[in-house]
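Biologist: I would like a close look at one part of this model. Please start from the inside and then work outwards.

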2 protein chains.
Amino acid sequence: MKEIDSISSKQAQMRKGLLGYAVLCSIKNDEGYAATILANLKKADLLVVEGTLYPLLNRFLREGLLQYEWQESKSGPPRKYYALTEAGTATLKELEGTWKSLVKSMSKLN
Amino acid sequence: MKEIDSISSKQAQMRKGLLGYAVLCSIKNDEGYAATILANLKKADLLVVEGTLYPLLNRFLREGLLQYEWQESKSGPPRKYYALTEAGTATLKELEGTWKSLVKSMSKLN
DNA sequence: AAAAGCTACCTTTTATTACAAGGTAGTGGG
DNA sequence: CCCACTACCTTGTAATAAAAGGTAGCTTTT
């Protein structure tokens with residue numbers, strides 16, 4: 001009952017933060033702004049609300065995983081369009097591995 | 001952006017509470033006491049520590065999902081051996097479904 | 001039979017997460 | 001020019017997990 005190896009600690013992070021993984025996935029496949037991301041997650045039956053998404057996006061920006069640029073809209077205020085940075089792409093790749101291994105872990109329990 | 005259907009809300013519960021699902025799985029397949037459960041989770045590469053497990057077990061007891069009986073040990077204090085109640089078995093079955101659907105959701109995101 | 005040490009149980013404190021709710025501001029239509 | 005809508009963001013609250021610390025029974029050792 002002592003050392004915490006890095007794999008397990010990443011899985012711990014994955015347990016929480018599943019949503020973050022989902023958000024990064026969505027942005028990878030479909031760059032867009034907040035409403036787009038919410039729609040993608042909803043399509044996948046993952047319910048997320050604005051109050052959850054915005055803090056998450058801003059955290060990822062601070063961490064350098066995402067970048068954005070303003071784009072004008074034909075029907076309303078301008079939008080922040082998000083894209084993965086290089087670091088974001090790398091992190092996402094890691095998270096994919098972690099997710100797979102978490103699924104595997106759960107299947108070991110039957 | 002209004003109603004939260006019960007499926008999505010269960011998935012929200014699943015995101016958190018993944019650990020709870022794992023613990024119930026472990027008990028289903030191998031009734032035992034705290035150390036047994038920790039060992040099973042570790043075997044599946046899910047790291048959990050005592051300070052996380054005990055509150056969880058006690059919550060499940062309060063919720064009527066688990067029951068326990070004291071058993072003497074040859075080498076130390078008596079142990080609480082846990083088993084699923086009927087309600088626990090039913091809940092676990094539900095959680096299995098929710099887990100599968102969560103995995104499916106994640107796969108939809110690619 | 002007293003001390004030391006282990007095993008087992010449990011609680012308290014702290015950080016993080018997700019959500020609900022509320023708030024600001026730019027844009028276009030009437 | 002005002003209203004409604006869209007889009008962004010913040011604040012406050014509840015739950016979760018982890019770290020750390022604490023109590024007590026049982027065995028072994030002396």
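Biologist: Which residues touch the most other members of the largest nonpolar core? Please take that part closely, then carry on to its surroundings.

Modeller: A caution to begin with: this is a predicted model. The largest nonpolar core holds 58 residues. V23(A) and V23(B) touch the most other members of that core. Take the copy in chain B. Leaving aside neighbours within four places in sequence, V23(B) is in contact with I37(B) and L41(B). L53(B), L56(B), L57(B) and F60(B) complete that list.

The last four numbers on that list lead to a helix. Helix α4 of chain B spans residues 50–62. This α4 also supplies at least two residues of the surface near DNA strand D. Before the DNA, consider a second buried site in chain B.

T85(B) sits in the loop between β2 and α5 of chain B, where α5 covers 86–108. Its relative accessibility is 15%, and the cut-off for buried is under 20%, so T85(B) counts as buried. Its side chain has polar partners. A polar atom of that side chain lies 2.6 Å from the backbone oxygen of G64(B). The side chain of T85(B) also reaches the backbone nitrogen of G88(B), at 2.9 Å. Leaving aside neighbours within four places in sequence, T85(B) is in contact with G64(B), L65(B), L66(B) and Q67(B).

Now the two chains. A turn of 180° lays chain B on chain A, with a shift of 0.0 Å along the axis and an RMSD of 0.0 Å. That is the relation of a two-fold axis. The same surface serves both copies, as 100% of the contact residues of chain B recur in chain A.

Next, DNA strand D. There are 26 residues around this strand. R15(A), Y54(A), R79(A), K80(A) and T52(B) come nearest. Of the atoms of strand D that come within 4 Å of the protein, 73% belong to sugar and phosphate. Three side chains have an N or O atom to note here. The one in R15(A) is 2.5 Å from a phosphate oxygen of strand D. For Y33(A) the distance to a phosphate oxygen of strand D is 2.8 Å. For T52(B) it is 2.8 Å.

Which elements form this surface? Chain A gives α1 (6–15), α4 (50–62) and β2 (76–84), and chain B gives α4 and β2, each with at least two residues. The largest share, 5 residues, comes from β2(A). By class, the surface near strand D has 13 nonpolar, 6 polar and 7 charged residues.

Last, DNA strand C. Here 27 residues surround the strand. The closest are T52(A), R15(B), Y54(B), R79(B) and K80(B). Sugar and phosphate make up 71% of the strand C atoms that come within 4 Å of the protein. Again, look at side-chain N or O atoms. That of T52(A) is 2.8 Å from a phosphate oxygen of strand C. R59(A) has one at 3.5 Å from a phosphate oxygen of strand C. Y33(B) has one at 2.9 Å. Two or more residues of this surface come from each of α4 and β2 of chain A, and from each of α1, α4 and β2 of chain B. The surface near strand C divides into 13 nonpolar, 7 polar and 7 charged residues.

Definitions and conventions
Residues numbered from 1 in each chain as written. Chains lettered and ligands numbered in written order. Predicted model: local features only at pLDDT ≥ 70, side-chain atom pairs only at ≥ 80, totals over all residues. Heavy atoms only, no water. Near = heavy atom within 4 Å. Polar contact = N/O pair within 3.5 Å; in protein donor to acceptor, adjacent residues only side chain to side chain. Helix = DSSP H or I, 4+ residues; strand = E, 2+ residues; numbered from the N terminus. Nonpolar A, V, L, I, M, F, W, Y, C, P; charged D, E, K, R; others polar. Least-squares fit on C-alpha atoms with pLDDT ≥ 70 in both. Contact = heavy atoms within 4.5 Å. Core = buried A, V, L, I, M, F, W, Y, C linked by side-chain atoms within 4.5 Å. Buried < 20%, exposed > 50% of the residue type's maximum accessible area, 1.4 Å probe, protein only.
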